[in-house]
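Hello,

Please find the structure below, with the sequence alongside. My notes follow it, so keep both open while you read.

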Amino acid sequence: MEKHFDVLIIGGGAVGCAVARELSRYDLTIALAEKESDVARGTSGKNSAVVHAGFNNPPGSLAARLCVEGCAGFAAACRELGVPYKRTGKLVVATETQDLPALERLLAQGRRNGVPDLALWTPEQARERLPSLSCHGALWSGTTAITNPLLYTIALAENAQANGVEFFLDFPVDGITRMEDGFIVRAGRRRLRADWLVNAAGLYSDLVAAWAGDDGHRIYPCRGEYLILDKQAAELLGTPVYPVPRPGIGGLGVHLTPTVDGNILIGPSAEYIDSRSDDGTTAAVMALLWTEAARLLPALAQSRVIASYAGLRAKTVPAGAADFGDFIAEHSSKVPKLINLVGIESPGLTASLPLARLVARLLGGQLPLRPRADFRPERQRAQRFRDMTPEAQRAAAAADPATREIVCRCETVTRREILDALDNPLGVQNLTGVKARSRAMTGRCQGGYCQQRIVAVLRNEYGLKPEDLRLNGPESWLFAGEVK
């Protein structure tokens with residue numbers, strides 16, 4: 001017999017996990033189904049990690065309203081969840097004199113949206129902030145911030161689980177049957193039953209809606225590629241730098257973003273593609289990213305590039321469309337008890353908690369939402385060894401033998417942190433899960449030193465055979481077996 005829930009959320013990105021956490025405040029049985037082996041494996045884990053202020057979206061749009069609301073509350077949410085957050089501000093720069101009127105339009109739009117701390121800066125003012133910046137003027141946004149979207153989504157999921165939400169990972173939904181009193185959701189031979197569905201499936205949200213009986217949506221995948229620079233370039237950039245956005249390109253343009261961990265991101269590109277899963281990078285786009293980055297910050301050195309990646313955005317408008325594709329967050333007009341969250345691209349990360357509260361309000365009109373007295377909003381997270389003072393590091397090492405061994409030299413990750421990453425509440429035990437939770441394998445050597453040591457921990461501490469070890473999902477084997 002399939003398990004039965006009041007509400008089933010499909011999709012384990014930032015929005016789906018935020019909905020799970022928000023609904024766990026109430027006396028409901030809740031489940032979340034995710035096709036990957038961990039949360040944040042799609043768009044939510046492959047973006048610019050920026051908490052947007054809200055001036056890029058048209059006044060009156062749902063995206064603008066929820067972005068401004070989300071930005072205002074993001075720092076408090078990160079404190080509750082134990083997630084890194086840094087208020088950096090942001091510069092949108094005019095690389096040519098003809099871009100200056102566009103800055104004025106962005107300023108006016110931002111003020112109409114209710115965005116605080118916006119100002120036009122002269123080139124001299126901008127270079128006081130970033131001496132090596134090349135520009136003819138800039139828009140300053142003081143409320144823009146950066147975070148770690150992987151840890152943010154993981155934290156939402158873990159807090160939701162601690163408050164009673166059941167997570168079904170490696171559950172690739174391939175069919176939905178409508179019943180008189182709800183839905184049966186299938187993944188192969190496995191089944192889940194729910195009275196209500198919340199469709200937060202991102203790139204697959206149109207398919208999920210159609211399987212449930214609502215064929216009124218379409219998603220256009222748009223790929224964005226990035227370069228990652230190592231921390232030795234960090235001194236050149238403490239503030240995200242964006243070009244003036246060009247209409248019809250499918251994004252905000254190639255920008256430079258510092259990360260909370262000290263790296264610099266260059267990207268994304270914007271390329272509409274047919275596939276919903278092709279997140280590969282290409283040599284041609286890598287070269288383009290560097291050319292665009294050099295226009296903004298000529299002092300960057302290409303030798304600092306250590307890795308690349310790509311993410312996919314779920315757009316509701318096709319390539320070249322002049323129209324803005326707003327968030328869709330509503331009761332389905334065709335299917336009772338289905339709530340669709342469709343086209344949640346940037347600034348979806350920033351707007352994730354307001355979107356979750358909107359879902360709660362939509363459900364509250366149909367279900368009795370009784371607050372739970374035992375809901376716990378906080379999530380405790382141990383301080384990273386590399387962030388401790390030398391005195392605290394010595395004390396931690398003296399108290400715990402596993403803290404005395406550095407497994408990842410680039411990021412100063414201890415064996416204790418690897419063990420903690422493997423012993424996570426969601427039960428994820430693969431290398432990508434360790435990477436997301438501990439920062440191991442993300443440094444200059446990209447796992448050249450630490451990967452084999454993490455494999456040894458999996459074998460020795462958890463008794464896993466080499467052929468059982470996975471990089472990511474069920475089919476991503478690391479080894480075929482022993483040679484000798």
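Threonine 412 sits in the loop that runs between strand S21 (406–408) and strand S22 (413–414). This is a predicted model, and in it the phi of threonine 412 is positive, near 55°, although the residue is something other than glycine. Threonine 412 has a relative accessible area of 28%, so it counts as partly exposed.

Thr412 also appears in the lining of the largest cavity, together with Arg384, Phe385, Arg386, Glu411, Val413, Glu417, Ser438 and Arg439. By class, that lining has five charged, two polar and two nonpolar residues. The space in the largest cavity comes to about 40 Å³. In total, the structure holds three cavities of 30 Å³ or more.

Next, the second largest pocket, which has about 470 Å³ of space. It is lined by 23 residues, and Arg381, Ala382, Glu417, Asp420 and Ala421 are the closest to its centre. Which helix gives the largest share of this lining? That is H10, with four residues. Helix H5 (149–162), helix H10 (415–422) and helix H11 (431–438) each supply at least two lining residues. Sorted by class, the lining of this pocket has nine charged, eight nonpolar and six polar residues.

Following the chain on from H11, the loop between H11 and H12 holds glutamine 446. Glutamine 446 is another residue that is not a glycine and yet has a positive phi, about 50°. Its relative accessibility is 30%, and therefore glutamine 446 counts as partly exposed. Glycine 447 is found in the loop between H11 and helix H12 (451–462) as well. Is glycine 447 buried or exposed? It counts as buried, because its relative accessibility is 7%, and the cut-off for buried is under 20%. The C-alpha atom of glycine 447 is separated by 39 Å from that of phenylalanine 375, which is 72 residues away along the chain.

Now the strands. One open sheet is made of three strands in the order S3-S8-S4, with antiparallel pairing. Strand S3 (50–51) and strand S4 (85–87) are its edges, each pairing on one side only. S3 and strand S8 (residues 145–147) are joined by two bridges, and valine 51 has alanine 145 in S8 as its bridge partner. Helix H2 (residues 62–81) lies across S3, S4 and S8, and runs at about 140° to S4.

Strand S16 (residues 264–267) has two pairings to look at. It pairs in the antiparallel sense with strand S13 (residues 220–229) over three bridges, where leucine 227 partners isoleucine 266. Strand S15 (residues 255–258) also pairs with S16 in the antiparallel sense, over four bridges, and threonine 257 stands opposite leucine 265. The hairpin of S15 and S16 has five residues between the strands, and glycine 262 there takes a positive phi near 105°. Within S16, Ile264 and Ile266 point one way while Leu265 and Gly267 point the other way, and all are buried.

Last, two peptide bonds. The bond from glycine 267 to proline 268 is cis, with omega near 0°; proline 268 lies in the loop between S16 and strand S17 (271–272). Serine 346 and proline 347 are also joined by a cis peptide bond, with omega about 10°. Proline 347 is placed in the loop between strand S20 (338–342) and helix H8 (352–364).

Regards

Key: Residues are numbered from 1 along each chain as its sequence is written. This is a predicted model: local features need pLDDT of at least 70, side-chain atom pairs count only at pLDDT 80 or more; totals for chains, interfaces and linings use all residues. Side-chain values use heavy atoms; hydrogens and water are left out. On a 1 Å grid over the protein atoms alone, a cavity is a set of points where a 1.4 Å probe fits but cannot get out, and a pocket is an open set with protein on both sides within 12 Å along at least five of seven lines; lining residues have an atom within 4 Å of a point. Grid points are joined across faces, edges and corners, and a volume is the space filled by probe spheres set on the points. Ala, Val, Leu, Ile, Met, Phe, Trp, Tyr, Cys and Pro count as nonpolar, Asp, Glu, Lys and Arg as charged, and the others, Gly among them, as polar. Two strands pair if DSSP finds at least two bridges between them. Contact means heavy atoms within 4.5 Å. Axes are lines fitted to C-alpha atoms, for helices over the stretch in contact, and angles run from 0 to 180 degrees between N-to-C directions. Buried means under 20% relative accessible area, exposed over 50%, partly exposed in between (1.4 Å probe, protein chains only).
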